[in-house]
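Here are my notes on the charged pairs and the metal site. Please read them with the model open.

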Amino acid sequence: MALSIRPINPKRDDFVAEVTGLDIAAGVSKAVAEEIEDAINRYAVLVFPEQRVNDDQQYVFSTHFGPMETATGDIAAQGDRRLSMDINDISNLDKNGQVLQRDDRRRLFGLGNMLWHTDSSFKATPAKFSLLSARTIPGEGGNTEFADMRAAWDDLDPKTQADLMPLVAEHSQLYSRGLLGFDQFTDEERAKWAPVPQRMVRRHPGSGRLSVFLASHAGTIQGWPIPEARMFIRDLTEHATQREYTYAHRWRQYDLVMWDNRAVMHRARRYDHTQPRDMHRTTVADCAPTLEQPL
Ligand code: OGA
Ligand code: MN
């Protein structure tokens, strides 16, 4: 099986590629993992069709790309978890496999994934790569969209680029969920998700490209009045998520999609919440907090 990597996005040839000719469940060599990392450095999102992996196989594949995160961003209480702490449960299911009730706290918290975001920017060291495996998908809807934050940076006017360069935003899941009116956090959750600083501009170590680093988790900018910071974050998000910068992935069962959180934002789209949607995510941690990475 020869590895094949080809761009699939009609809007841009350096954003989103499909990767075939490998069997993730069977395991991949170090050389293949390196080719994949080169490809994601260039394309930022990779789609691997027809990968029937279980959690262990997905996890082992993910470990080729760096240290792994644990699912401390999930809201399910320890005894309520359906999956191990190595897997982010991006489903609408409870631990018995039943679809969550409409007003279930875990479901309402999970709706935050429909806001544009990068994964784990609310952790001191955010996520590098996310790998999302579609185990069960609804009949329609539930796409995942990606926004190319490198292109968004490239097209900003020089004045805004200069303004942004030194800025540091504060990220927290309390902010992103707050946008939806979800504020029923326990004291423990408030402490666990206290805001963390993240640079607003990043340089990608694999491509050398700059990007705007945003997420719905960003609730203020250090040294700025909050309303002005939120307005600027909102303006930038509107700019970065214009259609010309985005790609919509329409899921097929057993797709595995891998994205680079240093270069893209993403969001889930609506679907019929009474139908099961079962997605399992493994997450590779970045090497350091963004402020400790060279710009
Ligand atoms: C995620 C995520 C979007 C989706 O897995 O991190 O935001 O469409 N998923 O489920
Ligand atoms: Mn996400």
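**Notes on the metal site and salt bridges**

1. Start with Asp-119. Its relative accessibility is 3%, so the residue counts as buried. Keep in mind that this is a predicted model.

2. Which protein atoms act as donors to the manganese ion (ligand 2)? They are NE2 of His-117, OD of Asp-119 and NE2 of His-266. The distances run from 2.1 to 2.2 Å. Water is not among the atoms, so the site may look incomplete.

3. The sequence spacing of these donor residues is H-x1-D-x146-H. Asp-119 and His-266 are 147 residues apart and link distant parts of the chain. Asp-119 sits in the loop between α3 and β5. His-266 belongs to strand β14, residues 264-268. His-266 is buried too, because its relative accessible area is 4% and the cut-off is under 20%.

4. Asp-119 also has a charged partner. Arg-281 forms a salt bridge with Asp-119, with 3.3 Å between the closest N and O atoms. Arg-281 lies in strand β15 (residues 278-285) and Asp-119 in the loop between α3 (105-110) and β5, so the pair ties together parts 162 residues apart in sequence. Is Arg-281 buried or exposed? At 7% relative accessibility, Arg-281 counts as buried. Asp-119 thus appears both as a donor to the manganese ion (ligand 2) and as a salt-bridge partner of Arg-281.

5. A second long-range pair is Asp-55 with Arg-135. Their closest N and O atoms are 3.0 Å apart. Asp-55 is in helix α2 (residues 55-62), while Arg-135 is in strand β5 (residues 127-136). The two residues are 80 apart and link distant parts of the chain. Arg-135 has 14% relative accessibility and therefore counts as buried.

6. Asp-104 and Arg-106 form another salt bridge, and here the closest N and O atoms are 2.9 Å apart. How do the partners stand in accessibility? Asp-104 has a relative accessible area of 15%, so this residue is buried. Arg-106 has 25%, so this residue is partly exposed. The limit for buried is under 20%.

7. How many salt bridges are there in total? The count comes to 21. The pairs described above are among them: Asp-55 with Arg-135, Asp-104 with Arg-106, and Arg-281 with Asp-119. As background, side chains of opposite charge can pair when their charged atoms come close.

Conventions: Residues numbered from 1 in each chain as written. Chains lettered and ligands numbered in written order. Predicted model: local features only at pLDDT ≥ 70, side-chain atom pairs only at ≥ 80, totals over all residues. Heavy atoms only, no water. Salt bridge = Lys/Arg side-chain N within 4 Å of Asp/Glu carboxyl O. Helix = DSSP H or I, 4+ residues; strand = E, 2+ residues; numbered from the N terminus. Buried < 20%, exposed > 50% of the residue type's maximum accessible area, 1.4 Å probe, protein only. Donors = N, O, S within 2.8 Å, 3.2 Å for Na, K, Ca; no water.
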